[in-house]
Structures are given as C-alpha cells and as structure tokens.
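Subject: Handing over the structure

Hi,

Here is the structure I promised to pass on to you. Have a look at it first, and then read on for what turned up.

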Amino acid sequence: MEQLRDAFHEGVTAAAAALRQLFPPTPLQLNGHLSRRFGARIWLKREDLSPVRSYKIRGAFNFLRKRLAGAGEPPRFCAASAGNHAQGFAYACRHFGVSGRVFMPVTTPAQKIEKTRMFGGASVEITLTGDRFDECYAAAQAWAAESGAVMAPPFDDADIIEGQATIALEIDRQLAGARFDIAVAPVGGGGLAAGLTRYWRGAPTAPQLLFAEAAGAASLRASLEAGRRVRLETIDSFAEGAAVAEPGALPFSILRDQPAAAVQVVPEGRICQTMLEMLNLEGIVLEPAGALSVAALPDLRDVIYGRNVLLIVSGGNFDFERLPEVKERALRHEGRKKYFVLRLPQRPGALRAFLNLLGPDDDITRFEYLKKSARDFGSVLLGIETTHASNFEALFRSFELAGLQYHDITNDQTFSDLLI
C-alpha cells in the first residue's frame with residue numbers, strides 16, 4: 001500500500017511540474033469577509049483563476065500528456081461535456097497541437113460553446129448533439145469506438161484524478177510547513193474529491209476532508225449511505241458542474257471509506273445566495289459548483305469556529321444571462337419571495353380590496369389571470385417579494401381574515417415548472 005501511495009505522489013509531482021508550462025499555481029488567499037463571518041481563518045484556493053477559470057484543466061491536461069508520452073503518431077481525442085471539462089480539454093488539445101472533438105448537448109449556452117471554441121482554436125471541432133448530457137456522452141462514446149479516437153472522461157479515470165490531485169500538492173507547498181485543520185471541496189462525479197483524498201490520505205499534517213454536494217444531485221451522499229454506487233433517478237441540473245446522477249466507479253472506490261456525514265448537502269437556493277454574496281461583497285464571480293464549498297459553511301459553523309479552514313473554489317464560469325434565475329432562487333430560499341394561486345372575486349372593487357391587504361414592504365412581482373371566463377371567481381397567479389420573510393405571516397393572516405382562498409405554490413415543483 002505504501003508503494004502504491006508513493007507511486008501516486010510521484011505521478012502527481014510530475015503532473016504538477018508539467019502543468020507549469022501552462023500556468024503558475026493558483027492563488028491561496030485568506031478571505032477576511034468569510035473569516036469574520038464564521039469566526040475562523042478561512043482560505044480560498046482560487047481555481048477560478050486558472051486559464052480556463054476552473055480546475056478541470058488539470059485533469060484534462062494530465063490525461064492528454066500521459067497518452068501522448070512516447071506515442072508515435074498522436075491519436076485523435078474526444079470528450080463530452082457541457083462546460084468546464086470541455087474548456088480544459090480544448091485548451092490542452094491546442095497546447096499539445098493535437099486534434100480533438102468535443103461533444104456538447106444542443107442545449108448548451110452559446111457562451112460556453114464559444115469559450116470552448118476559443119480555447120481550442122483550430123485544434124478542436126465541436127459537435128452539438130442530444131438534449132441531455134447522457135445522450136451527448138453516448139454519442140461521444142459511439143464516435144470514439146467508430147473512429148478509434150481516445151476519449152477523455154470528465155472524472156472517472158486514474159490520470160484525471162492524478163491531475164486534479166495537483167491542487168493538494170500546490171496547497172502543501174504554498175503552506176510552507178503550516179497546515180489546515182479542515183478542507184472543504186465540492187463534489188460531482190468525484191474526480192477532485194478522490195484526488196485530494198488519495199493525496200492527503202495518511203499524511204500527518206493532512207486536513208480533515210469534508211465535501212459539499214448540491215442537494216438536487218447528492219449522489220455521493222446517497223452512495224456512501226448505501227455502501228455502493230447509487231444512481232439518482234432525477235437530479236436538479238442547476239449546479240451543472242457538480243450535478244451528477246452517479247459518482248464515478250474509480251472515484252467512489254477511493255471515497256467509499258468516507259463517512260456519509262462528511263458530505264454536506266447544500267440547497268441550491270443557498271448556493272445562489274452565496275454566489276450573490278461573493279459577487280457583491282468580494283467581487284468574485286463563481287459558478288454554482290464553484291460556490292459549493294463556501295455555501296456549505298453555515299452548516300459547519302460550530303465545526304470550523306476558531307480553526308484554519310481551506311475552501312476549494314472550483315470554478316468561475318458563470319453566464320450572466322442566468323443572473324435573474326440566481327436572484328430568484330436566492331429570494332425563494334430566503335423566504336422573501338413567494339408565488340400563489342389566488343381565488344379573487346369577480347366584482348368591482350375586489351382588486352382594490354386585495355391591494356389594501358399588502359404591507360408597506362410587500363411588492364407584487366407577478367399578477368396574471370389564469371382563467372378569465374368564470375362568473376364568480378378568477379384564478380390569479382400572484383408573485384410577491386418582501387423585505388423580510390416574517391412579513392408573509394402578517395400577509396397570510398390578512399388573506400384569511402378577508403376570506404381569500406389561496407394556494408402557496410412556491411415549493412411545488414409541478415406548479416412552478418408549469419406556471420413560473
């Protein structure tokens with residue numbers, strides 16, 4: 001076992017040395033705002049400052065480097081990704097001067113397609129196929145089998161894991177003999193989590209490793225609880241960089257001894273709060289997956305108090321066209337915005353009487369008749385935003401005293417998907 005661990009460390013060291021051709025170690029920064037808020041010394045490993053604004057370049061670069069080592073005629077490569085892995089892969093292809101093909105879902109935002117094209121240049125061809133990632137991934141696998149191309153997986157590969165583990169090596173060197181008590185890393189397919197775990201496993205100065213997983217795609221937590229890999233039937237794809245239905249086989253084999261409680265399950269609404277907070281107060285742009293480790297802190301307040309804490313900030317590829325969605329989710333999570341289906345009497349003055357029920361801090365953000373042909377009552381889709389969540393208690397009492405019938409659909413996914 002010791003020999004295997006040494007070989008892994010040697011591989012990580014070689015990978016880190018090769019990465020210096022592309023970029024210097026990403027910064028390790030003490031964050032004063034978070035440190036004051038949580039009563040700890042909190043440091044950020046800024047993977048959002050890599051050339052492709054995420055850590056994914058590490059694994060993709062290492063995968064291509066090792067496949068090309070000692071090869072005669074360089075193979076053709078391919079990858080399937082809707083985001084950061086595609087960009088890291090494209091950057092690595094251009095660096096090595098090899099041909100690559102990136103399969104992306106048709107639904108991929110134009111910004112991500114253009115960034116992948118920019119990083120890959122003439123070395124990379126982009127193919128849009130399928131509405132979902134699973135369809136896109138299957139198409140990439142079929143093309144690789146047909147063409148003989150080498151497929152670079154996003155996380156389930158030893159060389160990908162080795163590349164991601166260079167983050168831990170950089171941190172150890174940046175600390176220069178100091179240490180962290182706790183490290184928090186985001187987890188999706190598990191490549192980063194597995195790399196950190198394997199690199200620090202057994203080291204006397206290793207931090208306690210905790211992981212942050214989006215609540216709508218908590219596949220690692222479910223798998224650790226079950227003692228086997230679990231594939232979730234449905235996931236919320238909002239935290240797309242970490243929204244994985246099943247952890248990778250190799251990453252899970254490395255992580256399976258971790259206690260399930262080591263995985264912090266973070267609501268998507270709190271991820272949105274964190275993104276807005278870091279943007280507005282710190283000027284740091286984070287994508288949903290990149291904000292996961294920071295968003296886990298409220299649940300860890302007692303654990304981290306007074307301690308040295310490391311957060312892996314995994315990426316900052318955020319499409320600002322999604323900002324309204326982020327604000328919406330944050331407000332709903334805070335309880336400051338709600339949606340209702342309201343039955344309003346069809347008589348003169350009914351609307352004015354309803355408006356008089358609103359408090360001074362209540363703002364109507366949506367008012368739409370859903371059925372206009374009823375004789376006595378009309379159904380209204382109503383959105384209300386307020387300054388404090390507690391204001392809704394007074395509003396509900398006003399509705400009830402006025403005899404108004406209403407149904408809160410804020411957290412009803414079916415109604416929200418249909419109406420909001």
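How far is the sulfur of C78 from the closest cysteine sulfur, and in which residue is that sulfur? Keep in mind as you look that this is a predicted model. The closest one sits in C93, 9.6 Å away, which is too far for a bond. A disulfide is a covalent bond between the sulfur atoms of two cysteines. The cut-off used here is 2.5 Å between the sulfurs, and by that rule the count is zero disulfides. C78 counts as buried because its relative accessibility is 0%, and C272 counts as buried because its value is 0% too.

Now the sheets. Six strands make up an open one, in the order β1-β2-β10-β7-β8-β9, with mixed pairing. At its edges stand β1 (28-30) and β9 (263-266); each has a single partner strand, so one side of each has no neighbour in the sheet. On average, neighbouring strands here are turned by 25° against each other, direction ignored. Inside that order, β7 and β8 run parallel and pair over five bridges. If you want a spot to find by eye, look for I182, which stands opposite Q208 in β8. Helix α8 (residues 166-175) lies across β1, β2 and β10, and its angle to β2 is about 130°.

There is also an open sheet of four strands, ordered β5-β4-β3-β6, and its pairing is parallel. Its edge strands are β5 (124-128) and β6 (150-151), each of which pairs on one side only. Strand β4 (residues 100-104) is joined to β5 in the parallel sense over five bridges, and R101 stands opposite E125 in β5. Helix α5 (residues 110-120) packs on this sheet, where it touches β4 and β5, and its direction makes about 160° with that of β5. Helix α6 (residues 133-147) lies across β3 (77-80), β4 and β6, at about 165° to β3.

Next, the nonpolar cores. The largest has 38 residues, and those touching the most other members are L34, I42, V184, I271, L297, I304 and L311. Several elements give two or more residues to this core, among them α2 (32-38), β2 (41-46), β7 (182-186), β10 (308-313) and α15 (323-334). Which element gives the largest share? That is α12, with five residues. To see how one member is surrounded, take L34: leaving out residues up to four places away in sequence, L34 touches I42, L44, E277, M278, V294, L297 and L311. A second core, separate from this one, has 34 residues, including V12, L28, I171 and L310.

One last residue to click on is N62, which belongs to helix α3 (residues 56-68). Is N62 buried or exposed? N62 is buried, because its relative accessible area is 1%, and the cut-off for buried is under 20%. The side chain of N62 makes a polar contact of 3.0 Å with that of E162. Apart from residues up to four places away in sequence, N62 touches A15, D159, E162 and G163.

Over to you now.

Cheers

Methods:
Residues numbered from 1 in each chain as written. Predicted model: local features only at pLDDT ≥ 70, side-chain atom pairs only at ≥ 80, totals over all residues. Heavy atoms only, no water. Core = buried A, V, L, I, M, F, W, Y, C linked by side-chain atoms within 4.5 Å. Buried < 20%, exposed > 50% of the residue type's maximum accessible area, 1.4 Å probe, protein only. Contact = heavy atoms within 4.5 Å. Pairing = 2+ DSSP bridges. Axes fitted to C-alpha atoms, helices over the stretch in contact; angles between N-to-C directions. Polar contact = N/O pair within 3.5 Å; in protein donor to acceptor, adjacent residues only side chain to side chain.
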